[in-house]
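Colleague: I am new to this one. Can we go through it step by step?

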Amino acid sequence: MFDAADGGFYADLEKLRLLRNRVHIQNTKDKTLPAKEYNVFTPAEKQFAEQVTEKTLRTLARKFARDFDHVEELRLPWNAYFAD
């Protein structure tokens, strides 16, 4: 679904999945992330998560655009990392 030229994007999604799972799943088997959650979710990781989420939303909105007059423009709760 995402451009083949952006091969690192799927690796970014995998990293985001691991970070997300660290909150919901105990860290007993996978010891690649720190044991303490506050050491996992650093400001840099938060920014990384925002960037991956924004890229996903923008790509899906572009590839599967809908022409509805009752749908507002996408507004992110952070300053945009990428231009439209």
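The questions below go from the overall fold to single residues.

Colleague: What pattern does the chain follow along the sequence?
Modeller: This is a predicted model. The chain has 3 helices and 0 strands. Read from start to end, the pattern is α-α-α.

Colleague: Which element has the highest mean pLDDT?
Modeller: The chain has a mean pLDDT of 81. Of its residues, 86% reach 70 or more. Among the elements, helix 2 has the lowest mean, 78, and the highest, 90, belongs to helix 3.

Colleague: What share of the contacts between residues at least 6 apart joins residues at least 24 apart?
Modeller: The chain has 84 residues, and 18% of them count as buried. For contacts between residues at least 6 apart in sequence, the share that joins residues at least 24 apart is 59%.

Colleague: Which elements give two or more residues to the largest nonpolar core?
Modeller: In soluble globular proteins, nonpolar side chains tend to be buried together. Here the largest nonpolar core has 6 residues: Phe2, Phe9, Leu19, Val40, Phe48 and Val52. Two elements each give two or more of them: helix 1 (8-24) and helix 3 (43-63).

Colleague: Take leucine 19 from that core. Which residues does leucine 19 contact, leaving aside neighbours within four places?
Modeller: Leucine 19 is a member of the largest nonpolar core. Two of its contacts, Val40 and Phe48, are also in that core. With close sequence neighbours left out, the full list is Leu33, Val40, Phe41, Glu45 and Phe48.

Colleague: Is valine 40 buried or exposed?
Modeller: Valine 40 is found in helix 2 (residues 37-40). Beyond four places in sequence, valine 40 touches Leu19, Arg22, Leu33, Pro34 and Glu45. Its relative accessible area is 3%, under the 20% cut-off, so valine 40 is buried.

Colleague: How far apart are valine 40 and valine 23 in space?
Modeller: The two valines are 17 residues apart in sequence. From C-alpha to C-alpha, valine 40 and valine 23 are separated by 9.3 Å.

Colleague: Now the charges. Which residue forms a salt bridge with lysine 15?
Modeller: The structure holds 4 salt bridges. In one of them, lysine 15 has its N 3.5 Å from the O of its partner. The pair links distant parts of the chain, 30 residues apart, with lysine 15 in helix 1 and its partner in helix 3. Lysine 15 is partly exposed at 35% relative accessible area, and the buried partner, at 18%, is glutamate 45.

Colleague: Lysine 15 also lies over the face of a ring. Which residue carries that ring?
Modeller: Lysine 15 is at 4.4 Å from the ring centre. The ring belongs to phenylalanine 48.

Colleague: How far apart are the closest N and O atoms of lysine 46 and glutamate 50?
Modeller: Both residues lie in helix 3, 4 residues apart, about one turn of the helix. Lysine 46 is exposed, with 52% relative accessible area, whereas glutamate 50 is buried, with 11%. Their side chains form a salt bridge, and the closest N and O atoms are separated by 2.6 Å.

Colleague: Which residues does glutamate 50 contact beyond four places in sequence?
Modeller: Glutamate 50 lies in helix 3. Leaving its close sequence neighbours aside, glutamate 50 is in contact with Trp78 and Tyr81.

Colleague: Which residue forms a salt bridge with glutamate 54?
Modeller: Glutamate 54 is buried, at 0% relative accessibility. Its partner also lies in helix 3, 4 residues away, about one turn of the helix. That partner is partly exposed, at 21%. With the closest N and O atoms 2.9 Å apart, the partner is arginine 58.

Colleague: Last, the rings. How are the rings of phenylalanine 9 and tyrosine 10 arranged?
Modeller: The count comes to 1 aromatic pair. Its ring centres are 6.2 Å apart, and the planes of phenylalanine 9 and tyrosine 10 stand at 70 degrees. Phenylalanine 9 is buried at 2% relative accessibility, while tyrosine 10 is partly exposed at 42%. An angle over 60 degrees counts as edge-to-face, so the pair is edge-to-face.

Note on methods:
Residues numbered from 1 in each chain as written. Predicted model: local features only at pLDDT ≥ 70, side-chain atom pairs only at ≥ 80, totals over all residues. Heavy atoms only, no water. Core = buried A, V, L, I, M, F, W, Y, C linked by side-chain atoms within 4.5 Å. Buried < 20%, exposed > 50% of the residue type's maximum accessible area, 1.4 Å probe, protein only. Contact = heavy atoms within 4.5 Å. Phe/Tyr/Trp six-rings, centres within 6.5 Å; stacked < 30°, edge-to-face > 60°. Lys NZ or Arg CZ within 6 Å of the ring centre and 35° of its normal. pLDDT = per-residue confidence, 0-100.
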